[in-house]
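Trainee: Could you take me through one small part of this protein up close? I'd like to go slowly and see what sits next to what.

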Amino acid sequence: MDPHEGTRGVLYMIACAAPAAADLDHLVSLAQGAGWQVRVVTTPMGERFVNVAELERLTGDLVRSTYRMPEDPKGLPPADAVIVAPATFNTINKWGERHRRHLRSRPVV
């Protein structure tokens, strides 16, 4: 039996450090109402802005905010979709720079 049967799939919600992250529990509820299995990941500083206990209660899973150690089990299922909310200016710039460097290093055919 598919573990995602009866759902739209797994949705990662990634929260950066910004005041709007305090309302992430509302977004989780909306996504769950639309049939998503939600997993929450925050940046290390983003964890300060969310209600970890409430998000863990809603999702039935841990809120992740640090790197997994090699001996720790892999706990996140593969994502079918990702939401970054709130996405800070710093995060968007880092993603843009990473993609720019990646594209620059690719051979042009």
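Let's start with Asp61: does that residue count as buried or exposed, and why?

Mentor: Happy to! Keep in mind that this is a predicted model. Asp61 counts as buried, because its relative accessibility is 18% and the cut-off for buried is under 20%. You'll find Asp61 in the loop between helix 2 and strand 3. Leaving aside residues up to four places away in sequence, Asp61 touches Arg39, Glu56 and Leu76. With Arg39 there is also a polar contact: the two side chains are joined at 3.1 Å.

Now slide along to Ser65, which lies in that loop between helix 2 and strand 3 (81-84) too. Ser65 has a relative accessibility of 11%, so this residue is buried as well. Its contacts, again setting aside residues up to four places away in sequence, are Thr42, Thr43, Pro44 and Glu47. Look at Glu47 in particular: its side chain makes a polar contact of 3.2 Å with the side chain of Ser65. Gly46 is worth finding too, since you can check a distance there: its C-alpha atom is 7.9 Å from that of Ser65, although the two residues are 19 apart along the chain.

How confident is the predictor? For the protein, the mean pLDDT is 86, with 83% of residues at 70 or more. Helix 2 (residues 52-59), at one end of our loop, has the highest mean pLDDT among the elements, 98, while helix 3 (residues 89-104) has the lowest, 72. Over residues 105-109 the pLDDT is below 50, and that stretch has zero contacts in the model beyond near neighbours in sequence.

Technical notes
Residues are numbered from 1 along each chain as its sequence is written. This is a predicted model: local features need pLDDT of at least 70, side-chain atom pairs count only at pLDDT 80 or more; totals for chains, interfaces and linings use all residues. Side-chain values use heavy atoms; hydrogens and water are left out. pLDDT is the predictor's confidence in each residue, from 0 to 100. Helices (H or I, at least four residues) and strands (E, at least two) are DSSP runs, numbered from the N terminus. Contact means heavy atoms within 4.5 Å. Buried means under 20% relative accessible area, exposed over 50%, partly exposed in between (1.4 Å probe, protein chains only). A polar contact is a pair of N or O atoms within 3.5 Å; within protein, one must be able to donate a hydrogen and the other to accept it, and residues adjacent in sequence count only if both atoms are side-chain atoms.
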